[in-house]
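Me: I would like to learn how to read a protein model step by step. Could you take me through this one?

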Amino acid sequence: MDEKEYAGRCRFVGVDTKREPISGGHWIEIKKMLSIGEIKRIEGAGITRVTVPGQAPTTELDYAEYSFTRMDVYLTDWSLKNKEGKDIAVSPSAIRALDEDTFDEIEAVLSAHVEALAAKKKARLGAREQNTR
């Protein structure tokens, strides 16, 4: 996308999704792009403030909470079923009920997606910076 196309884009994020395959012939559907509200929700997930008397407050990241929130924000659908073969809707409780291997597999797909988005953003910002010189 060149600078002119970028400037004329819609500045609001809709729910545009894509399907990604996972093992066993299953798939997940994830958001192609997040709104700033969703980004900030993920950024703030799992952060706690720790106060120790006599010391400056610090912040810590509960990585598990961060991971659950990121998955909840990005996932819109999946083909996963329960033991009885019934569809299970994506929800925070369903995500927390996944087995470890499935969670890790979905997490890897999300990480690759997020890294690809970051690379596109970096390239776009780099191109914009070159155009302003």
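Reply: We will go from the overall layout to a sheet and then to a pocket, keeping in mind that this is a predicted model.

Me: Which elements does the protein contain, and in what order do they run from the N terminus?

Reply: The protein has five helices and five strands, and from the N terminus on they run α-β-β-α-β-β-α-β-α-α. Of its 133 residues, 25% are buried.

Me: How should I read a sheet, and in what order do the strands of the open sheet lie?

Reply: In general, the strands of a sheet pair through backbone hydrogen bonds, in either a parallel or an antiparallel way. Here three strands form an open sheet in the order 1-2-5, with antiparallel pairing. Strand 1 (17-21) and strand 5 (75-78) are the edge strands, each pairing on one side only, and neighbouring strands are turned by 25° against each other on average, direction ignored. Strand 1 and strand 2 (residues 27-31) are joined over five bridges, and P21 has W27 in strand 2 as its bridge partner.

Me: Which helix packs on this sheet?

Reply: Helix 3 (residues 63-74) does, touching strand 2 and strand 5, and its direction makes about 75° with that of strand 5.

Me: How is empty space found, and which residues lie nearest the centre of the second largest pocket?

Reply: Rolling a probe the size of a water molecule over the atoms shows where empty space is left. The second largest pocket holds about 250 Å³ of space and is lined by 14 residues, with L80, K81, L98, D99 and T102 nearest its centre. Its lining divides into seven nonpolar, four polar and three charged residues.

Conventions: Residues are numbered from 1 along each chain as its sequence is written. This is a predicted model: local features need pLDDT of at least 70, side-chain atom pairs count only at pLDDT 80 or more; totals for chains, interfaces and linings use all residues. Side-chain values use heavy atoms; hydrogens and water are left out. Two strands pair if DSSP finds at least two bridges between them. Helices (H or I, at least four residues) and strands (E, at least two) are DSSP runs, numbered from the N terminus. Axes are lines fitted to C-alpha atoms, for helices over the stretch in contact, and angles run from 0 to 180 degrees between N-to-C directions. Contact means heavy atoms within 4.5 Å. On a 1 Å grid over the protein atoms alone, a cavity is a set of points where a 1.4 Å probe fits but cannot get out, and a pocket is an open set with protein on both sides within 12 Å along at least five of seven lines; lining residues have an atom within 4 Å of a point. Grid points are joined across faces, edges and corners, and a volume is the space filled by probe spheres set on the points. Ala, Val, Leu, Ile, Met, Phe, Trp, Tyr, Cys and Pro count as nonpolar, Asp, Glu, Lys and Arg as charged, and the others, Gly among them, as polar. Buried means under 20% relative accessible area, exposed over 50%, partly exposed in between (1.4 Å probe, protein chains only).
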